[in-house]
Amino acid sequence: MKVDLSTPNLALMSIFRHPNQIITLDANFLIPPDRRAITPHFFDFDRFKTVWLEPIFKAFPNLAIHEAVYEELISSSIQAYIQEKLNSIPCRVIIHSDLSLNNEEKALRNTIESKIYPYTKYEPMIDNKDDRGEVKSLAYIAVKELIFFAAHDHNVLQLIEKAELWSTGLDNIQAIKMYELIFYLYKMNIGDKKSLRMLYKYQYYLTQNEKKENPEWGEFIERMELLYSRETIINVKL
């Protein structure tokens with residue numbers, strides 16, 4: 001995936017200013033990345049939890065997932081982790097449930113789903129699992145006017161970034177990418193910086209094409225620092 005450092009992301013600026021806002025996560029923010037097709041290295045769950053999950057749950061008090069994403073978490077380790085967050089007092093993860101929608105909201109949800117799914121592998125008639133969590137998540141937060149969706153999947157991000165062109169009904173949703181939250185954790189000194197560097201390299205600087213397209217870690221941090229200076233974050237009109 002391309003690391004785009006051409007312009008600041010207003011969503012990330014907003015999160016810097018108000019980290020207690022609801023951020024809805026795609027499943028790939030919770031599942032350890034596995035690129036063993038091109039490298040022997042991988043993240044087991046315990047390592048991923050230490051490097052990524054614990055820091056983001058520490059940084060953001062109102063993380064959320066849709067119930068369809070919760071159902072996708074087939075790993076017992078991930079299920080147990082999310083269940084632990086659900087059982088915490090106060091609860092540390094919000095579950096978006098379609099049962100909470102009233103009839104008017106359900107009708108709007110169905111309309112938005114009908115606009116989204118043709119660009120995905122999801123087929124509502126058979127309710128298959130492919131891209132189901134993404135479609136359900138995006139339709140729900142669009143109806144509920146929740147702004148932020150965090151994802152690492154290029155196709156999902158396209159649904160948001162090309163909302164006007166594709167008429168997906170997601171014009172008011174703002175995407176937050178994993179590398180942006182990696183920088184947030186680095187900047188706010190949450191989590192181990194060497195581990196965050198390792199995660200960035202694994203996700204964005206592993207293949208020859210990625211090394212041609214994306215900045216290495218030091219350049220990434222330097223350019224992100226310029227994009228998200230304290231003065232810029234404070235003065236920008238959101």
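Is Arg197 buried, partly exposed or exposed? Arg197 counts as partly exposed, because its relative accessibility is 38%, a value between the limits of under 20% for buried and over 50% for exposed. Keep in mind through all the views below that this is a predicted model.

**View 1. A patch of positive charge on the surface around helix H10.**
Look here for Lys194, Arg197, Lys201 and Lys211, which gather in a patch of positive charge on the surface. Helix H10, residues 193-204, gives the most to this patch, with three residues. Arg197, the residue of our opening question, has its place in helix H10.

**View 2. Strand E4 with its partners E1 and E5.**
Strand E4 covers residues 148-151, and its side chains take turns: Phe148 and Ala150 point one way, while Phe149 and Ala151 point the other way. All four of these residues are buried. Strand E1, residues 23-25, pairs with E4 in the parallel sense over three bridges. To find your bearings in that pairing, start from Ile23, which stands opposite Phe148 in E4. E4 is also joined to strand E5, residues 174-177, by four bridges, and these two strands run parallel as well. Here a handy landmark is Ala151, which stands opposite Lys177 in E5.

**View 3. Arg35 and Glu210, a salt bridge between distant parts of the chain.**
The model has a count of 12 salt bridges, and this view shows one of them, between Arg35 and Glu210. The closest N and O atoms of the two side chains are 2.7 Å apart. The partners are 175 residues apart and link distant parts of the chain: Arg35 sits in the loop between E1 and helix H2 (45-59), and Glu210 sits in helix H11 (residues 208-213). Arg35 and Glu210 are both buried.

**View 4. Glu113 and Lys136, with the network that includes them.**
The side chains of Glu113 and Lys136 meet in a salt bridge, at 3.1 Å from N to O. This pair too links distant parts of the chain, with Glu113 in helix H5 (residues 103-116) and Lys136 in helix H6, 23 residues apart. Glu113 and Lys136 are both buried. If you widen the view, you can follow a network of salt bridges that links Asp98, Arg109, Glu113 and Lys136.

**View 5. Arg132 and Asp127, a salt bridge with one buried partner and one partly exposed partner.**
Arg132 and Asp127 meet through their side chains in a salt bridge, with 2.7 Å from N to O. Arg132 is buried because its relative accessible area is 18%. Asp127 counts as partly exposed because its relative accessibility is 35%.

**View 6. Tyr140 in helix H6.**
Helix H6 spans residues 132-143, and Tyr140 is found in it. With a relative accessibility of 6%, Tyr140 counts as buried. For a sense of scale, pick out Arg36: the C-alpha atoms of Tyr140 and Arg36 are separated by 33 Å, and the two residues are 104 residues apart along the chain.

**View 7. His96 in strand E3.**
His96 lies in strand E3. His96 is buried because its relative accessible area is 3%. Ala68 makes a useful reference point, as its C-alpha atom and that of His96 are separated by 8.7 Å, with their positions 28 residues apart along the chain.

**View 8. A cis peptide bond and two positive phi values.**
Most residues other than glycine have a negative phi, and most peptide bonds are trans. The spots in this view are therefore worth a look against that general background. Ile89 and Pro90 are joined by a cis peptide bond, with omega at about 0°. Pro90 lies in the loop between helix H4 (76-87) and strand E3 (94-96). Ser167, a residue other than glycine, has a positive phi near 55°. Ser167 is found in the loop between helix H8 (163-166) and E5, and is partly exposed, with a relative accessible area of 47%. Asn189 is not a glycine either, yet its phi is positive, at about 60°. Asn189 lies in the loop between helix H9 (178-187) and H10, and counts as exposed because its relative accessibility is 57%.

Terms used:
Residues are numbered from 1 along each chain as its sequence is written. This is a predicted model: local features need pLDDT of at least 70, side-chain atom pairs count only at pLDDT 80 or more; totals for chains, interfaces and linings use all residues. Side-chain values use heavy atoms; hydrogens and water are left out. Patches are made of residues with over 30% relative accessible area and no salt bridge: like charges are joined within 9 Å, nonpolar side chains (Val, Leu, Ile, Met, Phe, Trp, Tyr) within 5 Å. Accessible areas come from the Shrake-Rupley method with a 1.4 Å probe; for residues, only the protein chains shown count as cover. A salt bridge is a side-chain nitrogen of Lys or Arg within 4 Å of a carboxyl oxygen of Asp or Glu. Lys and Arg count as positive and Asp and Glu as negative; His and the chain ends are not counted. The place of a charge is taken as NZ of Lys, CZ of Arg, CG of Asp or CD of Glu. Buried means under 20% relative accessible area, exposed over 50%, partly exposed in between (1.4 Å probe, protein chains only). Two strands pair if DSSP finds at least two bridges between them.
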